[in-house]
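Q: Please take a close look at the cross-links of this chain, both covalent and ionic, and describe the strands that surround them.

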Amino acid sequence: MKTLAVLSILIIGTLAGEGPSNCYKTCQGTAKNWLVGASNEEGMVKVVVDLTGCGFSSPPVVHTMLNGAAYNIQTKGGASGIRNLSATGFELNIHQVVESYRTSPAKAKKYGWELLWTATGFGC
């Protein structure tokens, strides 16, 4: 618990140095347009999130969660697979290979996978 508190203070302290507190904003949304993953590897899908409507002036801190009706609990990358993070968006790769099951964009859609995301940062 102490580690989490220290980490939170460090993140907040870092963000606080980027701009005035009245410029701090939070934006959230859902993404579910699943594509073939970044490496075209079997068992990997990705989703591209557009943050242009959020108005960030620098890359925000992003938190994600993968929601779905099935097979989403056996995935890798839901919180750590972010790539190409910028003030205007990011991509997130999800990898899933369990025995003979390999995920795909069609399976992600079939099982109702959706990426729930929250981004916080500055927009002045």
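A: A disulfide is taken here as a pair of cysteine sulfur atoms within 2.5 Å, and a search of the whole structure on that basis finds 2 disulfides. The coordinates come from a predicted model, in which local features need pLDDT of at least 70 and side-chain atom pairs count only at pLDDT 80 or more, whereas totals for chains, interfaces and linings use all residues. Residues are numbered from 1 along each chain as its sequence is written, and side-chain values use heavy atoms, with hydrogens and water left out.

One disulfide connects Cys-23 with Cys-124, at an S to S distance of 1.4 Å. The torsion about this S-S bond of Cys-23 and Cys-124 is about -95°, so the disulfide is left-handed. Cys-23 sits in the loop between helix H1 (2–16) and strand E1 (24–31), while Cys-124 belongs to the segment after strand E9 (114–122), so the bond ties together parts that are 101 residues apart in sequence. Helices (H or I, at least four residues) and strands (E, at least two) are DSSP runs, numbered from the N terminus. For accessibility, buried means under 20% relative accessible area and exposed over 50%, with partly exposed in between (1.4 Å probe, protein chains only). By these cut-offs Cys-23 is buried, at 6% relative accessibility, whereas Cys-124 is exposed, with a relative accessible area of 63%.

The other disulfide joins Cys-27 to Cys-54, with an S to S distance of 2.0 Å. The link of Cys-27 and Cys-54 is left-handed, with -65° about the S-S bond. Cys-27 lies in strand E1 and Cys-54 in the loop between strand E3 (44–50) and strand E4 (61–67), so this pair ties together parts that are 27 residues apart in sequence. Both Cys-27 and Cys-54 are buried. When the bonded cysteines are counted along the chain, the disulfides follow the pattern 1-4, 2-3.

Turning to the ionic contact, a salt bridge is a side-chain nitrogen of Lys or Arg within 4 Å of a carboxyl oxygen of Asp or Glu, and the structure holds 1 salt bridge. It is formed by the side chains of Lys-46 and Glu-91, at 3.6 Å from N to O. This pair links distant parts of the chain, with Lys-46 in strand E3 and Glu-91 in strand E6 (residues 89–95), 45 residues apart. Lys-46 counts as buried at 16% relative accessibility, and Glu-91 is buried as well, with a relative accessible area of 18%. As for the strand that carries Lys-46, 5 of the 7 residues of E3 are buried, so E3 is largely enclosed by the rest of the structure.

The strands of the salt bridge also meet through backbone pairing, where two strands pair if DSSP finds at least two bridges between them. E3 and E6 run antiparallel and are joined by 7 bridges, with Met-44 standing opposite His-95 in E6. Strand E2 (residues 35–36) pairs with E3 in the antiparallel sense over 2 bridges, and there Leu-35 stands opposite Lys-46 in E3. E5 and E6 likewise pair in the antiparallel sense, over 3 bridges, with Ser-86 opposite Gly-89 in E6. Together these strands make an open sheet of 4 strands in the order E2-E3-E6-E5, with antiparallel pairing. E2 and strand E5 (82–86) stand at the edges, each with a single partner strand, so one side of each is left without a neighbour in the sheet.
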